[in-house]
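This report sets out selected features of a protein model for a reader who works with coordinates. It proceeds from the sheets to individual residues and a metal site.

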Amino acid sequence: MFYLAGSNQRDIKQLNRNVVMKLLFTSPLLSRSDLTRLTGLTAMTITNIVSELMDAGLVVEYKESNPKEPSGVGRRPVLLELAPKSPVLCGVYISRHRFSMIISDLKARQLFWEEQAYPETLTVEWLYQKLMDSYRRLEQRCLTSQRRILCVGIVSIGPVDTQQGIILNPPNFQGLRDLPVCRWMEEIAGVDAYLLSDSSACALAESLYGKGAGIDNFLYVYIHEGIGAGMVLGGELYQGIHGYSPELGHTTIDFHGPLCPCGSRGCLELYADERKTVQKAAGASTRDIQSFADVMAGAQEGDQACAAAAREFVTYLGYALRNALNLYEFSTVILGYETIDGAYILESLLAEDLGAYLRGYGGRRAEFIHTKFLRGAPLTGAIALGASKVFTGSLPMLK
Ligand SMILES: [Zn+2]
């Protein structure tokens, strides 16, 4: 179907504001002339948009001297900073064992934070009540510091229906299912709420505030109790029809393989399994191996058993990534997994394993890099979800 929609001047004005806001709030300090250069807009347009943002209490001129300019003669460009009392975003991360709630500004700088571990028996009533209690406490702290909450971004273990704002039926979640969390948070907070799965949220966090900034096409691989993924295509987070995140862990790497709980056969997760990787390394190594991060650190330091376990994990993951790269030709794969002291062993092993294949088949290449956010990725993603609504104009900041 072709969509025949034109743009009027008002739309274009809004689009330009969105571009300027996104640049201002996801970059280090910028001046008006930086904005003119980066956007290609006229100096007059930038001056007008910045004035509107200042009048709306979103932006202030940075008072310190410009660190980019040496002191001396000549006029230094004035840098622009988020206003100290600018509106803030609430982020919620509902994981398997606890939920966290955060208040951050539009630059994803954390202001207030809370966490609640689930009781032994988790009920819908408990979850609703505790979400409300946490929100009320954080809301009070925002009121005291005169910060208005714009919206709530919710990130959850999947599967989720982002259109309906419902957490569907996550495995190992005490049987809880069909939770209308967006409606809950809208009732509690009185502002709009949005929902995203954890792996897609991690990709969005990287795209706005992390290592995916400026990269148009990348795959985020989230290795945490299974293998999830998020995709950014053409600079936008890709969401399927219902907003399910890409299930890289349930792509088949052996169709003769065992039956998977998802109903398919030989899924990646049955082979590239963090728990099995830890067991294998622990059984053969003299080191004390308790976690996936211990295996990565051992492999980095040359422990034979850990290196063999990491290599096996990469071999399986590599086949799923060949499929993904053949389908989408991502320039970059960002990996999120727990590690210790920068032991980014999976990235170097994947570059080795896939580099030759990609070069040999069409002279292609892809970068394999580690996430910026580690454990904080889903919560940063919850903030990025709210911020993305501001940067796309879905949540208008100016009339
Ligand atoms: Zn499966």
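The sections below describe two sheets, a zinc site, and several residues of local interest in this predicted model.

## The sheet from β6 to β10

One open sheet has 5 strands in the order β6-β5-β4-β7-β10, and its pairing is mixed. Its edge strands are β6 and β10 (193-197), each of which pairs on one side only. From one strand to the next, the twist averages 15°. Within this order, strand β4 (residues 88-94) and strand β7 (residues 149-156) run parallel and share 6 bridges. One point of registry is glycine 91, whose bridge partner in β7 is glycine 153. Helix α12 (residues 377-391) lies across β4, β5 (98-104), β6, β7 and β10, and its direction is at about 135° to β4.

Glutamate 114 belongs to strand β6 (residues 110-117). Is this residue, glutamate 114, buried or exposed? Glutamate 114 counts as buried because its relative accessibility is 15%, and the cut-off for burial is under 20%. The side chain of glutamate 114 makes a polar contact of 2.7 Å with the side chain of arginine 137. Beyond residues up to four places away in sequence, glutamate 114 touches Phe99, Ser100, Met101, Ser134, Arg137 and Leu138.

Serine 86 lies in the loop between β3 (79-82) and β4. With a relative accessible area of 0%, serine 86 is buried. A polar atom of the serine 86 side chain is 2.8 Å from the backbone oxygen of alanine 83. When neighbours within four places in sequence are set aside, the contacts of serine 86 are Gly57, Leu58 and Arg147.

## The sheet from β13 to β15

A further open sheet, of 5 strands and with mixed pairing, follows the order β13-β12-β11-β14-β15. Here β13 (236-237) and β15 are the edge strands, each pairing on one side only. Helix α11 (residues 345-360) packs on this sheet and touches β11, β14 and β15, with a direction at about 170° to that of β15.

Two parallel pairings in this sheet involve β14. Strand β11 (residues 218-223) is joined to β14 by 5 bridges, and phenylalanine 218 has threonine 332 as its bridge partner in β14. Strand β14 (residues 332-336) is in turn joined to β15 by 4 bridges, with valine 333 opposite phenylalanine 368.

Which side chains of strand β15 (residues 367-370) are buried? The side chains alternate along the strand: Phe368 and His370 point to one face and are buried, whereas Glu367 and Ile369 point to the other face and are not.

## The zinc site

Which residues are the protein donors of the zinc ion? They are His250 through ND1, and Cys260, Cys262 and Cys267 through SG, at 2.0 to 2.3 Å from the ion. Along the chain, these donors follow the spacing H-x9-C-x1-C-x4-C. The site is tetrahedral, with angles of 105 to 121° among its 4 donor atoms. For comparison, the ideal angle for four tetrahedral donors is 109.5 degrees.

Two of the cysteine donors can be placed by accessibility. Cysteine 260 is buried, with a relative accessible area of 4%. Cysteine 267 is also buried, at 0% relative accessibility.

## Backbone geometry

Most residues other than glycine have a negative phi, and most peptide bonds are trans. The table lists two residues that depart from the first of these tendencies.

| Residue | Phi | Location | Relative accessibility |
|---|---|---|---|
| Alanine 108 | about 65° | loop between β5 and β6 | 24%, partly exposed |
| Aspartate 341 | about 50° | loop between β14 and α11 | 78%, exposed |

Alanine 108 thus has a positive phi without being a glycine, and the loop that holds alanine 108 lies between β5 and β6. Aspartate 341 likewise has a positive phi and is not a glycine; its place is in the loop between β14 and α11.

The peptide bond that joins glycine 158 and proline 159 is cis, with omega at about 0°. Proline 159 is located in the loop between β7 and β8 (160-161).

How values were computed:
Residues are numbered from 1 along each chain as its sequence is written. This is a predicted model: local features need pLDDT of at least 70, side-chain atom pairs count only at pLDDT 80 or more; totals for chains, interfaces and linings use all residues. Side-chain values use heavy atoms; hydrogens and water are left out. Buried means under 20% relative accessible area, exposed over 50%, partly exposed in between (1.4 Å probe, protein chains only). A polar contact is a pair of N or O atoms within 3.5 Å; within protein, one must be able to donate a hydrogen and the other to accept it, and residues adjacent in sequence count only if both atoms are side-chain atoms. Contact means heavy atoms within 4.5 Å. Donors are N, O and S atoms within 2.8 Å of the metal (3.2 Å for Na, K and Ca); water is not among the atoms, so sites may look incomplete. Four donors count as tetrahedral if all angles lie between 85 and 135 degrees; four count as square planar and six as octahedral if opposite donors are over 155 degrees apart and all others between 65 and 115; anything else is irregular. Two strands pair if DSSP finds at least two bridges between them. Axes are lines fitted to C-alpha atoms, for helices over the stretch in contact, and angles run from 0 to 180 degrees between N-to-C directions.
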